[in-house]
Amino acid sequence: MQKKIILMLLTLALIIGCSPTLPENKQVKEHKQHAKQESVPAMMHDSASPLVSPAAPLSGVGMAEKRRGGVVGRPAFSEGMPMPPPAWNRESYNAVKENGFINADRDPLSTFSIDVDTAGYANVRRFVTNGQLPPVGAVRIEEMVNYFSYDYPQPAGNDPFALSAEVGPSPFHRDYLLARIGLKARDLAKEQLPSSNLVFLIDVSGSMQDENKLPLLQQALPLLVRQLDSHDRVAMVVYAGADSVVLEPTAGNRPQEIIAALDRLRAGGATHASGGIRTAYRLARQSFIPGGNNRVILASDGDFNVGVTSRDELARLIEQERRDGVYLTVLGFGMGNYHDDTMEILADKGNGNYAYIDSLLEAKKVLVREMSGTLFALANDVKIQVEFNPARVGAYRLIGYENRALADEDFKDDSKDAGEVGVGHRVTALYELIPAGHKAIPQLDPLKYQRVRSSAPTESREWMTVKLRFKPQGKSSSEQISLAVDEVRQQGTTDFRFAAAVAGYGMLLTRSEYLGEFTWEDCLRLAREGRGQDSEGYRAEFYRLVEMSELLAKQQKNTDTAQPLPQPVLR
């Protein structure tokens, strides 16, 4: 009996002693390594991690690829291949409160600042392509609608803008209407564009080492550089734990020198963005071209952790710097620790625009195809005010533009900041309308101290009047144009239906309370009907994106026991 007990104990000891140690989850290990790297004090980064390496040009294969098991000499990131979602998520987005219906009898004016940013759509595409529905805060419907081009009338003569509008049936509610307002900025030939004074402000902190960040940026910016000439100049500032000027102002017809400076960049260190911002604006002022395009181009993931890091303080810093006539273009890169909320506010306060670069093709769209609109402002402080006729419109709802709302009295106040519109830009805004007399109109108590509008029907056939106010480039006082709308179409145009499909897609992603009867199938149908010519294939890509999102939404609905992914921060 004792021998059996001893034999059992020896066997048990042998089993325990030979059991292999379970390896740490690779993704968790990568996360710890990344977190450890970012937590190293800034002084150590400043002394041990140079901002610029004199070594050979960066091949796109770095530490990030080695961690993922990539083959040396073969880039881990390739065009058209979705990036795997990170094992951790520190992305942050602004919380958005959706616009509701407003009683037109009580408040017939709707006023907002123009927005020509497109980052929202590219970022949503990145999430869906990687097999994940985006967080609600990432969905800004106006940026999704304005990602696409529409066939708007060209401005007449020397007018900087042309206004257009179309009213047709709403796809969201059977008895409602949808109004589409279109703005087309005047095109300019390349030889008519002013000379450019560009300062590239590049984040080279440790968080930028992944292949879809600094390596992608190093592929993207040369697309812009190769379009410059001897009248243009480029400088370059980089920042990590500290900032450094790595390229003094250089003529645009010396692209080899500019691209060589880009290729020498290496990622490492903390993120002292505020120092880099100040240095970049100082350099832009030193090389200022009167009447030219003076602009800082910030490329980052928005993960600022040294110096001024508060969004409010950063906003004030950018507002101070913009007063000297230097604009700001913001290019976002990366995932996992992407801070969209910070990047958006910098572009908004810097009199600039905001794009998200998730691929080399997107870089080509932003920096080559749409370069004039991206870099050359045609007008400043562009505002729209719509006056609805209460005899026709009972209530209205602006779809999107939640963070662009203005007080009605701001429309004529030239001291109030608003959006900038670039050369050739197209801007779209959508309103859903409840016709007068409809039972769904929000009901309000009668006013006691104000005169009530007469209930007698007005003679006007107009549904609304659209007013556009703007400051032409180089001027400090505003000009205004307006357009009255008195027609309702039985069926919307091709562009009308496509814009409605994109807006509906955003509402499906956010599970809007104003979706009404709209479904994924309706969205796909409108996208098919609104495809049109689609010479660049962007609308076909949108259709595939909606298809994939519908599948992801169904999977999410049917999954009850799956472990939820970490959610981005909403501020």
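A salt bridge, as the word is used here, is a side-chain nitrogen of Lys or Arg within 4 Å of a carboxyl oxygen of Asp or Glu. The close-ups below all come from a predicted model, and the structure holds 30 salt bridges in total.

**View 1. E166 and R180 pair up between two strands.** Here the closest N and O atoms of E166 and R180 sit 2.9 Å apart, and the two residues form a salt bridge. E166 belongs to strand β4, which covers residues 161-169, while R180 belongs to strand β5, residues 177-185. Along the chain the two are 14 residues apart. Buried or exposed, E166 and R180? Both of them are buried.

**View 2. E344 meets R140 in a salt bridge.** The side chains come together at 3.7 Å, N to O. This pair links distant parts of the chain, with the two positions 204 residues apart in the numbering. E344 is part of helix α11 (residues 340-349). R140, on the other hand, is in the loop between α5 (119-129) and α6 (141-145). Like the pair in the view above, E344 and R140 are both buried.

**View 3. D348 reaches R404 through a salt bridge.** The closest N and O atoms of this pair are 3.1 Å apart. D348 lies in helix α11 and R404 in the loop between β13 (393-399) and β14 (419-422), so the salt bridge ties together parts that are 56 residues apart in sequence. How do the two partners compare with the 20% cut-off for being buried? R404 has 7% relative accessibility, so R404 counts as buried. D348 has a relative accessible area of 24%, which makes D348 partly exposed. The pair also has company: D115, D117, D348 and R404 are linked in a network of salt bridges.

**View 4. S477 sits in a loop between two strands.** The strands on either side of this loop are β16 (464-472) and β17 (479-485). At 45% relative accessibility, S477 counts as partly exposed. Which residues does S477 touch, leaving aside its neighbours within four places in sequence? The contacts are D414, F470, K471 and P472. Take D414 from that list: S477 and D414 are 63 residues apart in sequence, yet their C-alpha atoms are 6.5 Å apart in space.

Terms used
Residues are numbered from 1 along each chain as its sequence is written. This is a predicted model: local features need pLDDT of at least 70, side-chain atom pairs count only at pLDDT 80 or more; totals for chains, interfaces and linings use all residues. Side-chain values use heavy atoms; hydrogens and water are left out. Helices (H or I, at least four residues) and strands (E, at least two) are DSSP runs, numbered from the N terminus. Buried means under 20% relative accessible area, exposed over 50%, partly exposed in between (1.4 Å probe, protein chains only). Contact means heavy atoms within 4.5 Å.
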